[in-house]
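The following exercises are to be worked through with the structure in view. Each task is followed by a solution in steps.

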Amino acid sequence: MKDALKYLSDLGKELTLIEEAINLLYWDQETIMPQQAVEERAEQISYLKVTSHKKYTAKKLIDKVNFLARKENYSKLSKTDQIRIKKLRKKGVSNQRFRDL
């Protein structure tokens with residue numbers, strides 16, 4: 001169970017960094033970006049969004065969340081980790097099949 005929680009924690013940090021980078025690129029695009037950089041900026045944002053989506057829908061993540069969502073494991077999680085599992089289910093992985101909590 002510790003391995004699954006560590007994986008989720010590490011992935012959460014990585015996804016937060018990606019989302020922050022996307023937000024920064026959007027801000028730059030709206031404020032100071034030169035018009036000639038529009039195409040390149042679109043590619044950067046697209047790449048980061050695709051990368052984020054792949055991570056949210058990866059089989060490894062789904063397997064870890066399913067493992068932690070099992071009744072016998074879920075009841076042992078802290079409230080914070082239970083919330084994390086619920087949020088992941090609502091995020092980009094919502095189209096995947098998860099066990100009911």
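Ala, Val, Leu, Ile, Met, Phe, Trp, Tyr, Cys and Pro count as nonpolar, Asp, Glu, Lys and Arg count as charged, and the others, Gly among them, count as polar. The model is a predicted one, in which local features need pLDDT of at least 70 and side-chain atom pairs count only at pLDDT 80 or more, while totals for chains, interfaces and linings use all residues. Residues are numbered from 1 along each chain as its sequence is written, and side-chain values use heavy atoms, with hydrogens and water left out.

**Exercise 1. The fold**

Task: State how many helices and strands the protein chain has, and give their pattern.

Solution. Step 1: apply the rule that helices (H or I, at least four residues) and strands (E, at least two) are DSSP runs, numbered from the N terminus. Step 2: count five helices and zero strands in the protein chain. Step 3: read along the sequence to obtain α-α-α-α-α.

**Exercise 2. Buried or exposed**

Task: Decide whether K2, L11 and K76 are buried or exposed.

Solution. Step 1: recall that buried means under 20% relative accessible area, exposed over 50%, and partly exposed in between (1.4 Å probe, protein chains only). Step 2: K2, in helix α1, is exposed because its relative accessible area is 72%. Step 3: L11 also lies in α1, but L11 is buried because its relative accessibility is 7%. Step 4: K76 belongs to the loop between α4 (71–74) and α5, and K76 is exposed because its relative accessible area is 61%. Step 5: for the protein chain of 101 residues, 32% count as buried.

**Exercise 3. Far in sequence**

Task: Find how far apart in space L11 and L61 are, C-alpha to C-alpha, and do the same for K76 and M1.

Solution. Step 1: L11 and L61 are separated by 50 residues in sequence and by 8.7 Å in space. Step 2: K76 and M1 are 75 residues apart in sequence and 9.6 Å apart in space.

**Exercise 4. The nonpolar cores**

Task: Identify which elements give two or more residues to the largest nonpolar core.

Solution. Step 1: a nonpolar core is a set of buried Ala, Val, Leu, Ile, Met, Phe, Trp, Tyr and Cys residues joined through side-chain atoms within 4.5 Å. Step 2: the largest such core has 14 residues, and L8, L61, V65, L68, L77, I85 and L88 have the most contacts inside it. Step 3: α1, α3 (59–69) and α5 each give two or more residues to this core. Step 4: α1 provides the largest share, five residues. Step 5: a second, separate core of five residues includes I18, I22, I45 and L48.

**Exercise 5. The largest pocket**

Task: Describe the lining of the largest pocket by residue class and by element.

Solution. Step 1: on a 1 Å grid over the protein atoms alone, a pocket is an open set of points where a 1.4 Å probe fits, with protein on both sides within 12 Å along at least five of seven lines; lining residues have an atom within 4 Å of a point. Step 2: of the 13 lining residues, G12, Y56, R84, K87 and L88 are the closest to the centre of the largest pocket. Step 3: the lining divides into six nonpolar, three polar and four charged residues. Step 4: α1 (2–31) and α5 (79–90) each supply at least two lining residues, and α1 gives the most, with six.
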